[in-house]
Amino acid sequence: MPIRSLGYLRWETPQAEDWRTFATDVLGLMPVAGPEAGALYFRWDERPYRLVVVPSERKQVTIGFEVRDDLELEETAARLEEAGVKAAMGGEEEAADRLVSGFLRFEDPSGAPVEVFHAPILDHLPVQTPLVSGFVTGEMGMGHVVVGSGDVPAAVDFYRGTLGFRLRNTMRIDMGGPAKTPMYFLGCNPRHHTLGLIGIPFPGHLVHFMVEAASLDDVGRALDRCTDAGVPLAMSLGRHTNDHMVSFYCVTPDGAMVEFGWGGLHVDEATETTYEITKVSFWGHRPPKRG
Ligand SMILES: [Fe+2]
């Protein structure tokens with residue numbers, strides 16, 4: 001069971017400066033200093049950071065998954081080799097920039113850049129997020145990500161077979177094309193899903209990431225901040241059918257989405273079974289009306 005949780009996101013973007021205001025004043029994350037020159041580090045729990053925004057000419061998001069320790073990192077390297085996935089161990093300086101003790105990098109079958117790390121280096125300073133009462137993380141990690149994939153079944157096999165994720169549920173989405181678009185939700189801890197894979201024509205592209213706040217009021221206040229700051233919404237407030245999250249989606253400065261939610265389901269791995277959903281939400285999550 002190598003992967004324990006989603007640990008961090010490394011967000012390379014030409015819009016880094018806009019991210020500073022968006023992450024701090026809209027999402028309510030805590031900006032902190034970090035080792036990498038020019039990079040913006042953001043905290044929302046006891047970890048030294050969960051998001052690092054790196055100024056870059058290209059836009060690319062690397063997904064950082066956490067394993068228990070150095071032995072599990074070695075086990076992951078062996079499993080990747082067995083699966084024929086080319087992986088490389090990160091250098092010392094790169095590990096220092098990430099504030100971790102060691103990491104592996106590779107591309108998943110969708111082409112998404114992935115890092116697997118162990119042993120974050122803690123600074124023991126209290127986290128302060130004055131705009132948000134708290135975030136739900138701990139053993140469930142920083143939240144979840146949804147990634148576009150050119151070959152969803154291959155990606156699902158890889159995450160289940162090689163990295164130890166569990167299938168939580170599936171969906172076939174009618175996106176207007178001749179065939180329905182497959183979507184799979186996978187978990188690796190009690191959070192309902194840590195990874196969503198959707199068959200859209202942007203393989204490797206991060207569609208959204210989710211942060212879970214501690215109260216419904218936190219979601220309402222974040223929604224108010226989006227309105228006040230003129231941050232566009234991608235989907236209105238709603239409640240998802242699979243993880244029961246009450247959330248809204250807003251647009252990041254570089255055109256991806258953040259889901260800001262509360263009330264996500266915790267799965268009991270001893271008794272869970274999988275299922276297919278036919279609706280994304282019980283209510284809400286409507287795209288904005290255009291024109
Ligand atoms: Fe989501």
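I count two residues as in contact if their C-beta atoms, placed from the backbone, lie within 7 Å. The model I am reading is predicted.

**Domains**

I looked up the domain assignment of the chain first. It gives domain 1 as residues 5–120 and domain 2 as residues 138–284. I then took the centres of the two domains over C-alpha atoms and found 19 Å between domain 1 and domain 2.

**Where the domains touch**

I listed the contacts across the boundary: 28 residues of domain 1 meet 35 residues of domain 2. On the domain 1 side, I noted which elements give two or more residues, and these are S1, H1, strand S5 (60–66) and helix H2 (70–82). S1 provides the largest share of that side, with six residues. I sorted the residues of the domain 1 side by type and got 14 nonpolar, seven polar and seven charged.

**Helix H1**

I turned next to H1, which spans residues 16–26. Which residues of H1 are buried? I found Trp19, Phe22, Ala23 and Val26. Looking down the axis of H1, I saw these buried residues fall within an arc of 110°, so they line one face of the helix. I set this beside a general point: an α-helix has 3.6 residues a turn, so residues three or four places apart point the same way.

I checked what the buried residues of H1 pack against, and the partners are strand S1 (5–13), strand S3 (40–43), strand S4 (51–55) and helix H5 (216–229). Last, I read on past the helix: H1 is followed by Gly28, and the phi of Gly28 is positive, near 85°.

Key
Residues are numbered from 1 along each chain as its sequence is written. This is a predicted model: local features need pLDDT of at least 70, side-chain atom pairs count only at pLDDT 80 or more; totals for chains, interfaces and linings use all residues. A residue is buried if 20 or more other C-beta atoms lie within 10 Å of its own, exposed if 12 or fewer, and partly exposed in between; C-beta atoms are placed from the backbone. Helices (H or I, at least four residues) and strands (E, at least two) are DSSP runs, numbered from the N terminus. The arc is that of the directions from the helix axis to the C-beta atoms. Domain bounds come from an automatic or database domain assignment. Ala, Val, Leu, Ile, Met, Phe, Trp, Tyr, Cys and Pro count as nonpolar, Asp, Glu, Lys and Arg as charged, and the others, Gly among them, as polar.
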